[in-house]
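Work through the exercises below with the model open. Try each task before reading its solution.

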Amino acid sequence: MTKNGQVALVRKGQDALAKRMDPLAEFVMPLVDIYETGEAFVLKVDLPGVQKDFITILVEPGSLEIKGTIAQMQGENLSVLYSEIRKTNFFRKFNIGNGINGDAIEAFFDNGVLTLILPKNESMRVREIPIK
Amino acid sequence: MFVRVNFEQPINELVHGLLREESNQVITSEPAIEVSENENESMMVVELPGVKKEDITISVENGWLSVTGERKSLQSPEISRILHREIEYKPFARSLKLPHPVDADKITAQLENGLLKISLPKAEEVRPRTIEIK
């Protein structure tokens, strides 16, 4: 099998797995990096080809949800010959503890990457203790 | 603090392991692509979230279109801990055999929202034409 064929096969397998989690759902899970700074948790989510208006970020006590749709790409009567790009809905949910100040969460979207900054509550921040 | 269910990671690792054995290389990642066409051009789209224009090279040679470059990781001094890493910050490469002769001077590319769209206009001789009957 060609390399292209292998890649396509793997992505089909991933979609099949996603469907098994919820047979009625057609969604992909975007890739995520999670970092920590002294004052906040930072999430980076890969959402190539997604338009900002189609992303929904929901924060509830204890959980953070990122979901949306990948809009159809182009008109110009182009017919697709071969595609590895999944155009289904995306969805990812995280349990977050209560160490985060939900009111102060910020989100930025640039270059197909969604950045979420989750500031820590006062009690969670890193602090240096001076020795008397 | 973050808990999530993720079936993709083990699959990704399994596949990359398999692909690595085939190519004897560990180095590059392979972004997803899409190829489409109409009567005047082909379009190749490459998923490159988080990659800067200056870190991408597109070249055409011997009937092949190659897209190479690197997704650089964020150099942020404030980061004290990496809690979870799924994104690949490494060089990438994808090559595609051109589906038809291309008018190389008119190839254009744009990077938008993490998608690289390359337009490959068909060379004159392969464009559809109507033949008049005299």
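The exercises cover a sheet, its hairpins, one residue, the cores and one chain.

This is a predicted model, in which local features need pLDDT of at least 70 and side-chain atom pairs count only at pLDDT 80 or more, while totals for chains, interfaces and linings use all residues. Residues are numbered from 1 along each chain as its sequence is written, and chains are lettered from A and ligands numbered from 1 in the order in which they are written.

**Exercise 1. Trace the open sheet of five strands and find its edge strands.**

Step 1. Fix the terms. Helices (H or I, at least four residues) and strands (E, at least two) are DSSP runs, numbered from the N terminus. Two strands pair if DSSP finds at least two bridges between them.

Step 2. Read the order. It is β8(A)-β9(A)-β3(A)-β2(A)-β5(B), and the pairing is antiparallel.

Step 3. Pick the edges. β8 (106-110) of chain A and β5 (81-84) of chain B each pair on one side only.

Step 4. Add the twist. From one strand to the next it averages 20°, with axes as lines fitted to C-alpha atoms and angles from 0 to 180 degrees between N-to-C directions.

**Exercise 2. Find the partners of β9(A) and its register.**

Step 1. Take β3 (residues 40-46) of chain A. Seven bridges join it to β9 (residues 113-119) of chain A, antiparallel.

Step 2. Set the register. A:F41 has A:L118 as its bridge partner, and A:V45 stands opposite A:L114.

Step 3. Turn to β8(A). Five bridges join this strand to β9(A), again antiparallel. Here A:D110 stands opposite A:V113.

Step 4. Close the hairpin. Two residues lie between β8(A) and β9(A), and A:N111 in the turn has a positive phi of about 65°.

**Exercise 3. Describe the hairpin of β4(A) and β5(A).**

Step 1. Count bridges. Six join β4(A) to β5 (residues 63-68) of chain A, and the two strands run antiparallel. A:I55 has A:G68 as its bridge partner.

Step 2. Inspect the turn. Two residues separate the strands, and A:G62 has a positive phi of about 90°.

Step 3. Check burial. A residue is buried if 20 or more other C-beta atoms, placed from the backbone, lie within 10 Å of its own, exposed if 12 or fewer, and partly exposed in between. β4 (residues 55-60) of chain A is hardly covered: zero of its six residues are buried.

**Exercise 4. Why is A:E36 classed as partly exposed?**

Step 1. Place the residue. A:E36 lies in β2 (residues 32-36) of chain A.

Step 2. Count. A:E36 is partly exposed because 19 other C-beta atoms lie within 10 Å.

Step 3. List contacts (C-beta atoms, placed from the backbone, within 7 Å). Beyond four places in sequence, A:E36 contacts A:F41, B:S80, B:R81 and B:L83.

**Exercise 5. Locate the largest nonpolar core.**

Step 1. Define it. A nonpolar core is a set of buried Ala, Val, Leu, Ile, Met, Phe, Trp, Tyr and Cys residues joined through C-beta atoms within 7 Å.

Step 2. Size it. The largest has 20 residues, and those with the most contacts inside it include A:V32, A:F41 and A:L114.

Step 3. Name suppliers. β2, β3, β5, β7 (89-95) and β9 of chain A each supply at least two residues.

Step 4. Look elsewhere. Another core, of 14 residues, lies apart from it, with B:I33 and B:V51 among them.

**Exercise 6. Summarise chain B.**

Step 1. Count elements. Chain B has one helix and eight strands.

Step 2. Gauge burial. Buried residues make up 20% of its 134 residues.

Notes. Two residues are in contact if their C-beta atoms, placed from the backbone, lie within 7 Å.
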